[in-house]
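Trainee: Could you walk me through one part of this structure up close? I'd like to see how a pair of helices can sit against each other, and then how that fits with the rest.

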Amino acid sequence: MPKKISWLTGGILMALLILFTFSIWGADRPIGASTYVPYFASLIFGLDPTEYEYVAEIEKAGAWEGVMLIGAFFGGLFMSLFVTKTFRFSVLPTLWKERKNNSVLSRLIWSFIAGFIMIIGARLAGGCTSGHFLSGASQIALSGLIFGGIVMVTVVITGRLFYKRKGE
């Protein structure tokens with residue numbers, strides 16, 4: 001039987017991890033993820049920071065976020081394989097099959113569209129939800145807490161609209 005971690009335990013562990021990580025290694029950096037996309041693109045296309053102002057601006061943040069994202073991936077993989085023992089690879093999650101369809105192509109297209117819209121929105125907003133919400137909430141910034149509340153409400157509304165039961 002998979003070992004479950006309560007939401008409270010998970011929240012406390014996440015808070016301690018944020019406190020530990022950012023008080024030691026990342027005290028001068030915000031938490032975020034979206035800057036890594038243009039940073040990585042600048043590496044792939046060989047954009048020179050002396051020629052491109054934005055590339056110079058994101059050079060430190062992008063490298064930091066890349067390490068954080070890699071750590072998040074391997075941390076989640078470790079937890080699902082060895083702690084909760086719930087790892088399972090699935091292109092079509094059960095809820096998608098139940099509420100949408102059984103098409104892998106449909107799932108991949110919708111995932112691409114959603115990801116594309118999210119990264120465009122993150123860049124237009126000057127940062128992603130993890131940057132605004134996690135950094136803001138961990139600093140108890142009113143703007144971060146308000147943003148987090150709005151994100152949670154929007155997620156619930158969007159989920160209910162997108163994942164309506166067939167025939168509703």
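Mentor: Helix H2, residues 36-44, packs against helix H3, residues 53-83, at an angle of about 105 degrees. Their axes are 7 Å apart. Keep in mind as we go that this is a predicted model. An angle from 65 to 115 degrees counts as roughly perpendicular, so that's the label H2 gets relative to H3.

Now look at who does the touching. H2 brings Tyr36, Pro38, Tyr39 and Ser42 to the contact. From H3 you'll find Tyr54, Val55, Ile58, Glu59, Gly62, Ala63, Glu65, Gly66 and Leu69. Sort them by class and you get 8 nonpolar, 3 polar and 2 charged residues. Here's a handy bit of background for reading lists like that: an α-helix has 3.6 residues a turn, so residues three or four places apart point the same way.

Stay on H3 for a moment and find Glu57, which lies in that helix. Is Glu57 buried or exposed? Its relative accessible area is 56%, and exposed means over 50%, so Glu57 is exposed. Compare its position with Tyr39: the two are 18 residues apart in sequence, yet their C-alpha atoms are 9.8 Å apart in space.

Next, follow the chain into the loop between H3 and H4, where Lys85 lies. Lys85 has a phi near 55 degrees, a positive value in a residue other than glycine. With a relative accessibility of 59%, Lys85 counts as exposed too.

That loop takes you to helix H4, residues 94-99, and Arg99 lies in it. Arg99 has a relative accessible area of 18%. The cut-off for buried is under 20%, so Arg99 is buried, charged side chain and all. Its side chain makes a polar contact with the side chain of Glu98, at 3.1 Å.

For a second helix pair, go to H6, residues 129-138, and H7, residues 142-162. These two pack at an angle of about 130 degrees, and their axes are 8 Å apart. That makes H6 oblique to H7. Their crossing is left-handed. On the H6 side, the contact uses Thr129, His132, Phe133, Gly136 and Ala137. They meet Gly144, Leu145, Phe147, Gly148, Val151 and Met152 of H7. By class, this contact has 6 nonpolar, 5 polar and no charged residues, while the contact of H2 with H3 has 2 charged ones.

Which residues of H6 are buried? They are Ser130, Gly131, Ser135 and Gly136. H7 is part of what covers them. You've met Gly136 already, as one of the H6 residues that meet H7. After H6 comes Ile140, whose phi is positive, near 55 degrees.

Finally, zoom out to the whole chain. It has 7 helices and 0 strands, so along the sequence you read α-α-α-α-α-α-α. The C-alpha atoms fill a box of roughly 55 × 35 × 35 Å along the principal axes. Of the 168 residues, 19% are buried. And among contacts with a separation of 6 or more, 59% come from residues 24 or more positions apart.

Terms used. Residues are numbered from 1 along each chain as its sequence is written. This is a predicted model: local features need pLDDT of at least 70, side-chain atom pairs count only at pLDDT 80 or more; totals for chains, interfaces and linings use all residues. Side-chain values use heavy atoms; hydrogens and water are left out. Axes are lines fitted to C-alpha atoms, for helices over the stretch in contact, and angles run from 0 to 180 degrees between N-to-C directions. Helices (H or I, at least four residues) and strands (E, at least two) are DSSP runs, numbered from the N terminus. Angles under 35 degrees count as roughly parallel, over 145 as roughly antiparallel, 65 to 115 as roughly perpendicular and the rest as oblique. A crossing is left-handed if the near helix is turned anticlockwise from the far one by less than a right angle, and right-handed if clockwise. Contact means heavy atoms within 4.5 Å. Buried means under 20% relative accessible area, exposed over 50%, partly exposed in between (1.4 Å probe, protein chains only). A polar contact is a pair of N or O atoms within 3.5 Å; within protein, one must be able to donate a hydrogen and the other to accept it, and residues adjacent in sequence count only if both atoms are side-chain atoms.
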